[in-house]
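Let's take a walk through a protein model together. Keep the 3D view open and turn it as you read.

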Amino acid sequence: MNQWTHQLWKLIYKLTNFMDRIPGLKQLVSRPDVQSFRKRNLTRYVYGLPDRRYLEEQIIPAMLKAGHERILFVGCDTYTAHIPNQFEAAGVECYTTDILPEVAPTGNPDRHVVCDIADYAQHVPANHFDAVLFNGVLGHGVTAERMEQVGQTLHQVMRPNTYLLIGWNKGTVEDPIAIQHITDRFTHEEAYGLSARKDFPKSSHVYDWFRRRD
Ligand SMILES: C[S@@+](CC[C@H](N)C(=O)[O-])C[C@H]1O[C@@H](n2cnc3c(N)ncnc32)[C@H](O)[C@@H]1O
């Protein structure tokens, strides 16, 4: 996608969001065809973002080479619906979970659980996962305080010495390397040949890798 196309999707994305704020347009905005257009537009917009390109072009390919058996992808949306298929096609079981029942169709139909991530340990055995992708959830539903329970759960369902990716946005939540509930259980370090932290010019998105300690 070139820069101009990305700017066009961004403009349409911002315009459709603005429509939400105009009371007279409420009926139009809630129409199923308008909703479906918005979802498609959101996917196109998100795909042009530098952090999303990094996830698609660096993180996922690096993980696919690691010989994993199973991974957990937390938080689903229309623009992530292809990710479980990518892992499954490479022989990696990709479990998905989200607290919202309405996004369940965008998860892996064979391995999706609707629940609060803090309660996820009830659904799989301990030490089940070779990696966890926790992108866009801290600061978008899960607070730094909540990481006390969530950190415990992730530690429980991951095998020792496996990697947790936390993707987050500056300004929405405390920096995860300063959240003791995380650093008590996980060490911030590079993973899969990728740097421990990756941020982007002109973007608030940050990726941080953590290794599960024993
Ligand atoms: C911004 S989206 C991120 C989606 C995706 N992980 C990505 O890579 O973009 C955040 C998602 O996290 C989910 N979420 C928020 N709090 C959660 C919780 N406590 N347990 C499970 N999912 C949660 C939301 O329902 C939402 O679908």
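## Finding your way around

Start with the big picture: this protein is divided into domain 1, covering residues 3–47, and domain 2, covering residues 50–212. Keep in mind that what you're looking at is a predicted model. If you mark the C-alpha centre of each domain, those of domain 1 and domain 2 turn out to be 27 Å apart. In terms of secondary structure, you'll find seven helices and eight strands in the protein.

How does the overall size fit what you'd expect for a compact globule? With 214 residues, such a globule would have a radius of gyration near 17 Å, and the protein has 18 Å, so the two agree. Laid along its principal axes, the C-alpha trace spans about 55 × 35 × 35 Å. Of the 214 residues, 28% are buried. Now look at contacts between residues with a separation of 6 or more: 67% of them join residues that are 24 or more positions apart in the chain.

Next, zoom in on helix 1, which runs over residues 3–19. From its first C-alpha to its last, this 17-residue helix reaches 24 Å, close to the 24 Å expected at 1.5 Å a residue. Is helix 1 well covered or hardly covered? Hardly covered: the count of buried residues among its 17 is one. Here's a handy thing to know while you look at any α-helix: there are 3.6 residues a turn, so residues three or four places apart point the same way.

Now move to the ligand. Which residues come nearest to it? Of the 16 residues around the ligand, they are Gly75, Ile117, Asn135, Gly136 and Gly141. Sorted by character, the shell around the ligand has seven nonpolar, six polar and three charged residues.

Time for a stop at the loop between strand 7 (197–199) and strand 8 (205–212), where Ser203 sits. Phe200 is found in the loop between strand 7 and strand 8 too. Ser203 counts as partly exposed because 14 other C-beta atoms lie within 10 Å; being buried would take 20 or more. Phe200 is also partly exposed, with 14 C-beta neighbours inside 10 Å.

What do these two residues touch, once close sequence neighbours are set aside? Ser203 touches Leu49, Pro50 and Asp51, while Phe200 is in contact with Pro50, Asp51 and His205. You can also check some distances across the model. The C-alpha atoms of Ser203 and Pro176 are 17 Å apart, with their positions 27 residues apart along the chain. For Phe200 and Val34, which are 166 residues apart along the chain, the C-alpha separation is 32 Å.

Finally, have a look at some backbone angles. Most residues other than glycine have a negative phi. Asn127, though not a glycine, has a positive phi of about 55°. You'll find Asn127 in the loop between strand 3 (112–114) and strand 4 (129–135). Asn161 isn't a glycine either, and its phi is positive at about 70°. Asn161 lies in strand 5, residues 158–169.

Why does Asn127 count as partly exposed? Because 13 other C-beta atoms lie within 10 Å of its own. Asn161 has 11 other C-beta atoms within 10 Å, so it is exposed; the cut-off for that is 12 or fewer.

Terms used:
Residues are numbered from 1 along each chain as its sequence is written. This is a predicted model: local features need pLDDT of at least 70, side-chain atom pairs count only at pLDDT 80 or more; totals for chains, interfaces and linings use all residues. Domain bounds come from an automatic or database domain assignment. Helices (H or I, at least four residues) and strands (E, at least two) are DSSP runs, numbered from the N terminus. The radius of gyration is taken over C-alpha atoms; the globule rule is 2.2 Å times the number of residues to the power 0.38. Two residues are in contact if their C-beta atoms, placed from the backbone, lie within 7 Å. A residue is near a molecule or strand if its C-beta atom, placed from the backbone, lies within 6 Å of it. Ala, Val, Leu, Ile, Met, Phe, Trp, Tyr, Cys and Pro count as nonpolar, Asp, Glu, Lys and Arg as charged, and the others, Gly among them, as polar. The expected span of a helix is 1.5 Å times one less than its number of residues.
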